[in-house]
Amino acid sequence: MSDRRIEAPTDVSARSLVRLAEEAVLCAPGACGAAATLGGGVNGAGPEGAGTGGAGHGGVGVEGGGLDGAGIEGGGLDGAGGGSGPGPTAVTHPDLAPLLAVQWEAGEGPVLSAVRTGEPAGADDLMRERRWPAYRALALDRGVRSSVTLPFRHHELTVTVTVCGFRPGLMDARTRTVATLIGDLATRTIARDRAYERALTEVDQLDTALRSRPVIDQASGILMHVLGCDAGTAFDLLRRQSQRTNSKLADLAEHVVRTRGAGIETELARLAPSR
């Protein structure tokens, strides 16, 4: 087995979302916080999370070890209206998580709207906004007066970044341009990192298969001798026994080689086709 540790693509994506949310806050001087979401669907969005209190400034980090308790929440983007998405979300303050959760629960909100249309969605002043009543009510209750969600798509990935502010008119043209550049770069980075991690996983799986092939061939040879069958039948018997016992083919082959087929020949003979 390879000693290389394969990191899950979701771990890589989560770190990228954390950086995206943090940088989005920095590029908007009037922002009180930001959230980023990731998913594979383009028909809706469904970040999940929970929390209480008012939105405010805070550092970004992994839940349980991040700055000021902020971090990564479960859920992600998927079809709107039910279920939870496969991707993570990141918030710069845990009190922003409910603003994502309420959109999923209500089936509407700026994140879902942005993903569905592919266009930015938000409100310069939530006091005057009439869309997304559940989101609007919760945001105002937490002191958030304005927000804007920018969507980004790259191949199968959909990323959103939402910036919130305590005052109306959060994002001017310059700030939106900077946020768009940051979001586009982050989305491409996430796509590249996920592709790289998938390639490493495939290489590791191929390496394991190549390492196990000799022992499988050796076990097949033993069965050919014990059962008097050809190579194809011997391998098929190993495969069927592996499935029947819910064991790995390589592990079963190692057992056959170690025992020289003793104790298993009768069981495998039952699986062999009638002669």
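**Exercise 1. The chain as a whole**

Among contacts between residues at least 6 apart in sequence, what percentage join residues at least 24 apart? Then state how many helices and strands the chain has, and how much of the chain is buried.

*Solution.* The model is a predicted one, in which local features need pLDDT of at least 70 and side-chain atom pairs count only at pLDDT 80 or more, while totals for chains, interfaces and linings use all residues. Residues are numbered from 1 along each chain as its sequence is written, and side-chain values use heavy atoms, with hydrogens and water left out.

Start with the contacts, where contact means heavy atoms within 4.5 Å: among those between residues at least 6 apart in sequence, 65% join residues at least 24 apart. Next, the chain holds eight helices and eight strands, taken as DSSP runs numbered from the N terminus (helices H or I, at least four residues; strands E, at least two). Finally, of the 275 residues in the chain, 47% are buried, where buried means under 20% relative accessible area, exposed over 50%, and partly exposed in between (1.4 Å probe, protein chains only).

**Exercise 2. The nonpolar cores**

Which elements each supply at least two residues of the largest nonpolar core?

*Solution.* A nonpolar core is a set of buried Ala, Val, Leu, Ile, Met, Phe, Trp, Tyr and Cys residues joined through side-chain atoms within 4.5 Å. The largest such core has 27 residues, and Leu-17, Leu-20 and Val-163 have the most contacts inside it. At least two of its residues come from each of α1 (9–27), β1 (31–39), β7 (146–154), β8 (157–165) and α5 (173–227), and the largest share, seven residues, is that of α1.

Now take Leu-17 itself: apart from its neighbours within four places in sequence, its contacts are Ala-36, Thr-37, Leu-38, Pro-88, Thr-89, Ala-90, Val-159 and Ile-190. A second, separate core has 18 residues, among them Cys-32, Ala-35, Val-144 and Cys-164.

**Exercise 3. The pair α2 and α3**

At what angle do helix α2 and helix α3 pack, and how far apart are their axes?

*Solution.* Helix α2 (residues 97–106) and helix α3 (residues 110–117) pack at about 65°, and their axes are 8 Å apart; the axes are lines fitted to C-alpha atoms over the stretch in contact, with angles running from 0 to 180 degrees between N-to-C directions. On the α2 side the contact is made by Leu-100, Gln-103 and Trp-104, and on the α3 side by Pro-110, Val-111 and Leu-112.

Sorted by type, these residues are five nonpolar, one polar and no charged. Six of the eight residues of α3 are buried, namely Pro-110, Val-111, Leu-112, Ser-113, Ala-114 and Val-115. Just after α3, Gly-118 takes a positive phi of about 75°.

**Exercise 4. The buried faces of α6 and α7**

Which residues of α6 are buried, and within what arc do they fall?

*Solution.* First check the length of helix α6 (residues 231–244): at 1.5 Å a residue its 14 residues should span 20 Å, and its end C-alpha atoms are 20 Å apart, which agrees. Its buried residues are Ala-234, Leu-237, Leu-238, Gln-241 and Ser-242. Seen down the axis, they fall within an arc of 130°, so they line one face of the helix; the arc is that of the directions from the helix axis to the C-beta atoms. On the other side of α6, Gly-232 and Gln-243 are exposed.

In α7 the buried residues are Ala-250, Leu-252, Ala-253, Val-256 and Val-257. These cover an arc of only 160° around the axis, which puts them on the same side of α7. Among what covers them are α5 and α6.

**Exercise 5. Two loop residues with positive phi**

Trp-132 or Asn-246: which counts as buried and which as exposed?

*Solution.* Trp-132 lies in the loop between β6 (121–123) and α4 (133–141), and its phi is near 50°. At 8% relative accessibility, Trp-132 counts as buried.

Asn-246 sits in the loop between α6 and α7 (249–259), with a positive phi of about 55° although it is not a glycine. At 72% relative accessibility, Asn-246 counts as exposed. As background, most residues other than glycine have a negative phi.

Definitions and conventions:
Nonpolar A, V, L, I, M, F, W, Y, C, P; charged D, E, K, R; others polar. Expected span 1.5 Å × (residues − 1).
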